[in-house]
Amino acid sequence: MLSPWLEHLVFATVAVAAVISSLLVVTRRNPIYSALFLIVMLATVSVMFMLLDATFLGFMQLLVYAGAIMVLYLFVIMLINPREGNLPAEGSAMENAFAGGVALLLFSLLAFAISNSEEVKRLTTDGGIPALAEIPLSHGSIAAFGLELFHNHLLVFEVTSILILVGIIGAVHLAMRRKSSEKNLQQHEEGAVTADV
Amino acid sequence: MFSLPSILYLSALLFCIGTYGVLARRNILIVLMSLELMLNAVNIALVTFGRVHALGSPAGEHGGQIFTLMVLAVAAAEAAIGLSLLLVIWRRWQSIDLRTLCRLNG
């Protein structure tokens with residue numbers, strides 16, 4: 001267990017790193033850099049989970065996100081190999097300002113809700129997050145987590161497995177190269193273009 | 001322990017940065033990554049509230065964490081489907097620009 005001031009320090013560092021890396025994710029022009037900064041951001045979120053006593057979930061976050069999802073992203077980036085020439089032109093400054101304004105508006109709404117919430121106030125005067133002594137020492141461990149998942153939330157777990165199965169089948173079906181139909185489509189499109197001309 | 005509002009503000013800020021990415025960028029890859037960013041921001045809030053209400057919650061001691069695990073599974077499925085759609089778009093038009101999808105307009 002970390003001492004309180006060390007916990008504060010780790011949280012502050014991780015929070016600043018998360019904000020900076022997520023800002024870099026949305027502003028980089030080349031998707032490779034965005035993907036690498038997203039990995040940094042996901043790692044900081046994983047550290048935050050561990051600070052919140054969700055140890056197993058923190059490791060799952062690292063394994064599933066940084067280990068599986070981001071590798072998928074990097075594979076796709078390498079497959080389509082975006083170069084300076086075929087990167088899409090970004091929107092004008094006006095459009096970016098509009099998007100920034102919408103995001104800022106959303107943040108001010110959320111901040112207003114958080115600062116005025118009675119529930120948050122009540123929990124904060126109670127000492128914020130209950131101290132670790134109040135919950136069982138096994139909280140967040142793989143044994144306690146798994147026991148609860150398979151006892152009380154079994155149906156949710158099974159439905160999730162169906163979702164993943166549908167995801168796999170969908171991804172394979174979409175990404176499959178169908179030579180004949182693609183050729184037909186291309187010929188059809190070329191025909192349409194020449195007809196237009 | 002660090003205070004509850006500070007984590008919630010952080011979660012809100014990350015969510016809004018993700019919103020900006022989804023709205024402003026034209027690159028489908030980066031829009032998908034911004035979506036992952038938003039899902040993670042929500043996950044932070046979920047785990048925090050799950051931790052705060054760990055005792056006496058009807059969802060059980062790990063309710064928030066199990067919810068987060070489900071969000072993780074949905075994010076994985078979303079990434080797989082989204083990226084294969086991106087591949088289809090790339091093969092068809094050699095472009096990862098969101099505006100090429102305007103051609104789907106009948």
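Two residues are taken to be in contact here if their C-beta atoms, placed from the backbone, lie within 7 Å. With that in mind, and remembering that this is a predicted model, begin by selecting M33(B), which, leaving aside its neighbours within four places in sequence, is in contact with V25(A), S34(A), A35(A), L38(A) and Y73(A).

Keep M33(B) displayed and add M41(A), L14(B) and I44(B), since these four residues touch the most other members of the largest nonpolar core, which holds 59 residues. Colouring by helix shows where the core comes from: α1, α2 and α3 of chain A, together with α1 (4-24), α2 and α3 of chain B, each supply at least two residues, and α2(B) gives the most, with 14 residues. In soluble globular proteins, nonpolar side chains tend to be buried together.

Next, select α3(A), which has 26 residues and reaches 36 Å from its first C-alpha to its last, close to the 38 Å expected at 1.5 Å a residue. Follow the helix to M70(A), on which a kink of about 30 degrees is centred. Which residues of α3(A) are buried? They are L57(A), G58(A), M60(A), Q61(A), Y65(A), I69(A), Y73(A) and V76(A), and Y73(A) is also one of the contacts of M33(B). An α-helix has 3.6 residues a turn, so residues three or four places apart point the same way. To see what covers the buried residues of α3(A), show α2 of chain A together with α2 (28-52) and α3 (63-93) of chain B, which are included in that cover. Just past the helix, stop at N81(A), which follows α3(A) and has a positive phi, near 45 degrees.

Now widen the selection to both chains, where 76 residues of chain A are in contact with 63 residues of chain B. On the chain A side, α1 (4-27), α2 (31-51), α3 (55-80), α4 (93-116), α5 (118-125), α6 (142-152) and α7 (154-175) each supply at least two of the touching residues, and the residues of this side divide into 54 nonpolar, 16 polar and 6 charged.

Finally, hide chain A and look at chain B by itself, which contains 3 helices and 0 strands and reads α-α-α along the sequence. Its radius of gyration is 18 Å, well over the 13 Å that the globule rule gives for 106 residues, so chain B is more spread out than a compact globule. Turned along the principal axes, the C-alpha atoms of chain B fill a box of roughly 55 × 25 × 25 Å, and 54% of the 106 residues of chain B count as buried.

Note on methods. Residues are numbered from 1 along each chain as its sequence is written. Chains are lettered from A and ligands numbered from 1 in the order in which they are written. This is a predicted model: local features need pLDDT of at least 70, side-chain atom pairs count only at pLDDT 80 or more; totals for chains, interfaces and linings use all residues. Helices (H or I, at least four residues) and strands (E, at least two) are DSSP runs, numbered from the N terminus. Ala, Val, Leu, Ile, Met, Phe, Trp, Tyr, Cys and Pro count as nonpolar, Asp, Glu, Lys and Arg as charged, and the others, Gly among them, as polar. The expected span of a helix is 1.5 Å times one less than its number of residues. The bend at a residue is the angle between axes fitted to the seven residues ending there and the seven starting there. A residue is buried if 20 or more other C-beta atoms lie within 10 Å of its own, exposed if 12 or fewer, and partly exposed in between; C-beta atoms are placed from the backbone. The radius of gyration is taken over C-alpha atoms; the globule rule is 2.2 Å times the number of residues to the power 0.38. A nonpolar core is a set of buried Ala, Val, Leu, Ile, Met, Phe, Trp, Tyr and Cys residues joined through C-beta atoms within 7 Å.
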